[in-house]
Amino acid sequence: MTLDIYAEEIIDRFKSPHNFGKIDKADAQAMDYNPACGDEVEIFLKVKDGKISDVRFAGRGCAISQAASDILCDCAKTKTVAELKNMRDEDMINLLGVKITGTRLKCALLGLWALRGALKNGNRNI
Amino acid sequence: MADFFTIRADFLILKQKINGKRLVYLDSAATSQKPKQVIEAEKVFYETINANVARSIHYLSEKATEAYENSRKKVADFINSDSDEIIFVRNTTEAINLAANGLDFKKDDEIITTLMEHHSNIVPWQIICKKTGAKLKIVDTLPDGQLDLKQFEKFLSSKTKLVAVTHVSNVLGTINPVKEITRLAKKFGALVLIDGAQGAPHMKVDVNDIGCDFYAFSGHKLLAPTGIGVLFGKKEILDKMQPFLYGGHMIKKVTKESSTFMDAPERFEAGTANFAGAVALGAAIDYLEKIGMENVREHEKELTRYALEKLSKIKDIEIYGPKNAEIRGGVISFNIKGAHPHDVAQILDSEGIAIRSGHACAMPLMQRLGAESICRASFYIYNDKKDVDALVKGLEKVKGVLKL
């Protein structure tokens with residue numbers, strides 16, 4: 001059923017995300033944008049010794065894009081930069097843990113796209 | 001009055017269940033469903049008279065050409081014009097691009113369009129202005145969802161070469177006073193192009209009465225298949241315009257050095273046309289004429305009135321556009337506080353309800369509304385009050401799922 005994607009955790013994170021906000025003087029940040037709906041997510045990273053020491057996201061969007069970005073931030077905190085660079089689309093879908101249909105894929109991946117942008121544009125040696 | 005209860009039975013697609021629920025199709029502003037009579041007409045064309053039109057001397061080609069030109073006549077009558085003023089194109093977008101590229105714009109010319117246009121009636125003009133140095137002026141919308149006609153009058157001058165305006169907004173539903181807009185534009189000798197994508201399928205259109213120079217619409221929003229659309233253009237203007245596409249069918253004579261071109265409409269129909277689609281469009285027009293366009297409009301007006309009344313009772317809903325169904329087509333865009341349109345659409349889908357969610361190809365208007373995106377329910381002849389009731393009930397479910 002299509003409503004499986006609105007699992008309790010998704011709605012809870014949409015309403016009160018754990019990692020929403022900006023980081024001043026982030027080591028890397030990037031925004032990505034879903035032209036289909038105008039949603040945007042910006043990811044901020046702090047890096048220490050090749051590891052993610054803090055990560056936040058800002059922006060606006062649907063329950064899926066916001067919850068996915070929040071879950072991604074929790075995950076990123078446990079990773080090294082190298083590990084994050086290797087993260088694939090499927091990894092993000094697995095993290096979300098709900099079945100995503102084709103039309104919502106962009107929503108689920110928006111945070112990851114922004115993260116990839118940040119990792120690419122890092123303003124210091126991250 | 002037409003029997004709208006039996007009309008639904010002609011749309012076989014609506015018989016299916018979606019997620020176990022009765023399909024409630026509220027996305028006709030994106031594309032309409034097709035009655036079996038239209039699908040049958042295309043099928044019969046392919047099974048009995050398919051051949052390339054106006055090319056070969058044989059029975060099938062004669063018949064196919066006759067059917068194609070017969071459809072052109074039906075379209076011409078449908079909007080009260082002449083056959084040689086009807087150009088078959090793919091869709092409204094192509095029609096507008098054809099006009100934009102065929103007309104001759106110069107530096108210092110001015111083009112006026114509006115904030116409530118679909119991207120297809122903004123972007124081509126932006127590009128023309130970039131190429132030619134002409135200037136684009138964009139008429140604002142008022143808080144009630146109508147065009148700021150005072151500003152429009154201020155924009156008009158002897159420099160105004162063309163006014164491009166939508167008949168009905170695909171977001172706000174606003175029915176623009178196109179006859180009055182044309183009258184004002186004509187005082188300055190400007191050409192007028194009307195985007196009729198949301199107009200022609202839903203109400204009686206008389207281009208002669210409006211006085212416009214161009215009227216564009218798509219078949220697929222008017223019960224016909226995708227890939228067939230119409231540009232009406234006044235004959236004397238079409239004859240002065242450059243072709244948009246070059247190739248077969250549109251030429252008079254080709255030598256190694258140069259070519260001469262046919263008159264309108266052939267001049268603008270290069271390449272093998274979608275003649276089967278055109279024939280099906282003819283069948284769609286027959287279907288609508290049988291109901292009567294006045295009845296179509298009355299039916300949608302009644303549904304719109306009902307929907308506005310029911311929807312406005314929902315807590316935390318914001319409905320965009322005119323609140324008066326007299327000046328509003330069957331398009332209702334809204335947002336529910338705290339709910340993203342994609343989530344609203346997805347939850348409604350679980351109830352078998354299909355709406356549009358997103359920017360509806362009108363990003364400049366979204367900015368004016370202060371919304372990133374919207375939910376849009378739109379009606380056609382096969383919708384009824386039960387569909388509106390289902391939508392209202394579905395929106396309550398949305399609130400439940402999203403804990404609003």
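Across the interface of chain A and chain B, 12 residue pairs are in polar contact, with both partners at pLDDT 80 or more. The model is a predicted one. Two elements of chain A, α1 (8-15) and α2 (63-76), each give two or more residues to the side that touches chain B. The largest share comes from α1(A), with five residues. By class, this side of chain A has 14 nonpolar, four polar and six charged residues.

In total, chain A brings 24 residues to the contact and chain B brings 19 residues. The two chains bury about 1700 Å² between them. Of this area, 53% lies on carbon and sulfur atoms. Four salt bridges are found across the interface of chain A and chain B. R104(A) forms a salt bridge with D343(B). The closest N and O atoms of R104(A) and D343(B) are 2.9 Å apart. Over all chains, the structure holds 38 salt bridges.

The two helices on the chain A side of the interface also pack against each other. The axes of α1(A) and α2(A) are 8 Å apart and make an angle of about 90°. Angles of 65 to 115 degrees count as roughly perpendicular. The two helices, α1(A) and α2(A), are therefore roughly perpendicular to each other. On the α1(A) side, the contact is formed by E9(A), I10(A), R13(A) and F14(A). These residues meet A63(A), I64(A), Q66(A), A67(A), D70(A), I71(A) and D74(A) in α2(A). The contact of α1(A) with α2(A) divides into six nonpolar, one polar and four charged residues.

Charged residues of this helix pair include R13(A) and D74(A), which form a salt bridge. The closest N and O atoms of D74(A) and R13(A) are 2.9 Å apart. D74(A) lies in helix α2 of chain A and R13(A) in helix α1 of chain A, so the pair ties together parts that are 61 residues apart in sequence.

A further packing partner of α2(A) is helix α4 (residues 89-96) of chain A. Here the angle is about 100°, and the axes are 10 Å apart. That makes α2(A) roughly perpendicular to α4(A). From α2(A), the contact takes I64(A), A68(A), I71(A), L72(A) and C75(A). From α4(A), it takes M92(A), L95(A) and L96(A). By class, the contact of α2(A) with α4(A) has eight nonpolar residues, no polar residues and no charged residues. I64(A) and I71(A) of α2(A) appear in the contact with α4(A) and also in the contact with α1(A).

Two backbone features remain to be reported. In chain B, the peptide bond from A264(B) to P265(B) is cis, with omega near 5°. P265(B) lies in the loop between β12 (259-261) and α10 (275-291) of chain B. In chain A, phi of K25(A) is near 50°. This is a positive value in a residue other than glycine. K25(A) is found in the loop between α1 and β1 (28-34) of chain A.

How values were computed
Residues numbered from 1 in each chain as written. Chains lettered and ligands numbered in written order. Predicted model: local features only at pLDDT ≥ 70, side-chain atom pairs only at ≥ 80, totals over all residues. Heavy atoms only, no water. Contact = heavy atoms within 4.5 Å. Buried area = accessible area lost by both parts, 1.4 Å probe. Salt bridge = Lys/Arg side-chain N within 4 Å of Asp/Glu carboxyl O. Polar contact = N/O pair within 3.5 Å; in protein donor to acceptor, adjacent residues only side chain to side chain. Helix = DSSP H or I, 4+ residues; strand = E, 2+ residues; numbered from the N terminus. Nonpolar A, V, L, I, M, F, W, Y, C, P; charged D, E, K, R; others polar. Axes fitted to C-alpha atoms, helices over the stretch in contact; angles between N-to-C directions. Parallel < 35°, antiparallel > 145°, perpendicular 65-115°, else oblique.
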